[in-house]
Amino acid sequence: MSTTRSFPDGFLFGAATAAYQIEGAAFEDGRTASIWDAFSRVPDAVINADNGDVACDHYHRYADDVQLMKQLGLQTYRFSTSWSRVRPDGGALNAKGVDFYKRLVDELLDAGILPWLTLYHWDLPQALQERGGWTVRETSDRFTEYALDMHDALGDRVDVWTTLNEPWCSSFLSYTAGIHAPGHYSQAEGMLAAHHLLLGHGQTVRELRARDSSLNLGITLNLTVADAVNPADPADLDAARRVDGQFNRWFLDPIFRGSYPADIIKDFRDTDAEAVARWQEAVHPGDLEVISTPIDSLGVNYYHGEFVGGTPPEVDPPAGDAPTTRPIGVPFPAHEKLYWHDRGLPRTNMGWEVQPEGLTRLLERVSEEYAAPADVALYVTENGAAYDDEVVADDGDERVHDIDRVEFVEAHLGAVLDAVERGVDVRGYFYWSLMDNFEWAWGYAKRFGIVYVDYRTQERVLKDSGRQYARIIAERALAAAPAV
């Protein structure tokens with residue numbers, strides 16, 4: 001006998017994208033280069049030398065894409081605005097760039113879809129990078145100015161404002177490991193970038209709150225569950241502690257507690273004392289008070305957990321990094337005797353484990369330790385999977401039968417419901433991504449969408465996962481697994 005599980009009243013179903021990954025029109029209507037325009041032209045930094053010049057051509061096709069969202073029944077759409085389009089080179093306001101987002105928001109509102117705006121999804125203007133990027137304090141101030149420009153333009157019709165998407169990626173993955181733009185290899189730069197990103201977040205929340213106390217203000221973090229291979233082994237436990245501290249607590253603690261985790265500062269000092277000294281000079285009195293300015297919502301991005309130990313595995317698990325020939329480093333500065341293991345779970349086409357129960361545990365932990373005491377609501381703002389998708393003819397109709405992704409979505413929505421039933425205040429779920437797009441260092445080699453994109457013709461094809469997601473939204477319920 002099977003039953004259905006209903007979602008709470010008011011629970012929002014959405015999908016997410018990012019400006020550089022879908023918009024294209026990279027140098028139209030006054031937009032200038034971002035760090036990703038520059039990085040994608042670095043030899044061997046991106047698979048096939050792909051770039052976002054055209055991407056999904058959303059800049060010209062946004063109205064049709066909004067109609068696709070309406071067809072899916074999306075209640076909300078999480079998108080990012082391009083700093084390089086709105087304030088090219090980090091300079092004066094570009095009216096044509098602002099007008100694009102005005103038109104997009106109007107289209108969403110006309111379709112009955114709540115706009116969920118993210119101000120920064122990794123596309124720093126290249127001109128600002130050439131002045132130091134996120135390693136310098138000035139960039140925090142320029143970000144706040146850009147955010148207020150967007151509020152001037154859209155504050156009358158956008159109520160939900162997210163400052164940053166995944167600052168771990170735009171700091172340690174980008175300035176320490178060299179995997180993402182700008183592709184640097186420095187522990188000090190990663191630490192400085194993380195601090196200035198968080199400072200820009202706090203400053204922006206303060207300024208927007210002063211303008212309009214009714215706004216829903218927040219930040220989105222990519223978070224994980226770090227499990228020790230052997231919970232009885234001190235070395236394995238320490239490996240899990242360091243992953244959790246460098247990935248989760250380095251961002252959660254300043255935002256919610258007004259302090260950086262002392263154990264990770266020590267780990268970082270043991271790795272590079274000079275880097276920590278540079279970072280400490282950059283943390284000014286009052287910065288952490290600004291960073292911990294109260295927020296309303298925390299976005300949780302979850303793709304998989306981590307299974308780590310203090311000794312190497314017999315067989316290395318699949319790598320999740322793009323197989324480019326350009327050298328890359330490790331985004332965890334304190335990575336000595338830190339090893340990833342395989343626990344035998346299914347894996348996506350990215351080589352990532354499929355671990356829905358990890359999402360339940362993550363939401364419970366973040367709620368108990370951070371969000372609930374601060375009266376902050378949780379939203380799953382990204383969750384998705386890449387698989388090899390193929391368009392086939394089915395009774396004269398083009399279809400994509402992506403059963404693995406259907407099962408992935410259902411399993412993770414079930415994990416969200418598990419958390420809700422345990423008392424966690426989770427108020428929405430955004431699938432990543434609405435459509436296939438430019439997947440950073442992977443270029444166009446990986447497909448995450450519930451809508452297939454033919455990059456030659458820009459034709460969109462709704463995948464079976466999109467059809468199933470639409471049914472779940474319409475019914476506001478998930479079919480339970482058959483009772484055993």
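This report describes the pockets, cavities and some buried elements of a predicted model.

## The largest pocket

Rolling a probe the size of a water molecule over the atoms shows where empty space is left. In this predicted model, the largest pocket holds about 1,300 Å³ of space, and 49 residues line it. Among these lining residues, His304, Glu306, Gly320, Asp321 and Trp352 lie nearest the centre of the pocket. Three elements give two or more residues to the lining, namely helix H8 (169–176), strand S9 (306–309) and strand S10 (339–340).

When the lining of the largest pocket is divided by class, 28 of its residues are nonpolar, 13 are polar and 8 are charged.

## The annotated residue Glu382

The UniProt record, which is an unreviewed entry, places the annotation "active site" on Glu382. This residue belongs to strand S11, a strand that covers residues 377–382. Is Glu382 buried or exposed? Glu382 has a relative accessible area of 4%, and because buried means under 20%, Glu382 counts as buried.

If neighbours within four places in sequence are left aside, the contacts of Glu382 are Arg78, His121, Asn165, Glu166, Val300, Asn301, Tyr302, Tyr303, Phe430 and Trp432. One of these contacts, Val300, returns in the next section, where it stands opposite Leu221 of the paired strands.

## Strand S6 and its partners

Strand S6, made of residues 216–222, is mostly covered, since 6 of its 7 residues are buried. Strand S5 (residues 160–165) pairs with S6 in the parallel sense over 4 bridges, and within this pairing Thr162 has Gly218 of S6 as its bridge partner. S6 is also joined to S8 by 5 bridges, and these two strands run parallel as well. In this second pairing, Leu221 stands opposite Val300 in S8.

In a regular strand the side chains alternate between the two faces of the sheet.

## The cavities

How many cavities of 30 Å³ or more does the structure hold? There are 4 of them, and the largest contains about 60 Å³ of space. Its lining is formed by Asp44, Ala45, Gly178, Ile179, Asp321, Ala322, Thr324, Arg326, Pro327, Ile328 and Ala441. By class, the lining of the largest cavity consists of 6 nonpolar, 2 polar and 3 charged residues. Asp321 appears in the lining of this cavity, and Asp321 is also named among the residues nearest the centre of the largest pocket.

The second largest cavity contains about 50 Å³ of space. It is lined by 13 residues, of which Trp116, Thr162, Gly218, Ile219 and Ser297 are the closest to its centre. The elements S5, S6 and S8 each give two or more residues to this lining, and S6 gives the most, with 5 residues. The lining of the second largest cavity divides into 6 nonpolar and 7 polar residues, with no charged residue. Thr162 and Gly218, which are bridge partners, are therefore both found in the lining of a cavity, as each has an atom within 4 Å of one of its points.

## Helix H14

Helix H14 spans residues 356–371, and its buried residues are Pro356, Gly358, Leu359, Thr360, Leu362, Leu363, Val366, Ser367, Tyr370 and Ala371. An α-helix has 3.6 residues a turn, so residues three or four places apart point the same way. In this helix, Leu359, Leu363, Val366 and Tyr370 are among the buried residues.

The buried residues of H14 pack against helix H10 (234–257), strand S8 (297–301), strand S11 (377–382), helix H15 (403–421) and strand S14 (426–432). Among these elements, S11 is the strand that holds Glu382, while S8 is the strand that runs parallel to S6.

Terms used: Residues numbered from 1 in each chain as written. Predicted model: local features only at pLDDT ≥ 70, side-chain atom pairs only at ≥ 80, totals over all residues. Heavy atoms only, no water. 1 Å grid on protein atoms, 1.4 Å probe; cavity = no way out; pocket = protein on both sides within 12 Å on 5 of 7 lines; lining within 4 Å. Points joined across faces, edges and corners; volume = space filled by probe spheres on them. Nonpolar A, V, L, I, M, F, W, Y, C, P; charged D, E, K, R; others polar. Buried < 20%, exposed > 50% of the residue type's maximum accessible area, 1.4 Å probe, protein only. Contact = heavy atoms within 4.5 Å. UniProt positions renumbered as here; feature names shortened; annotations may be inferred. Pairing = 2+ DSSP bridges.
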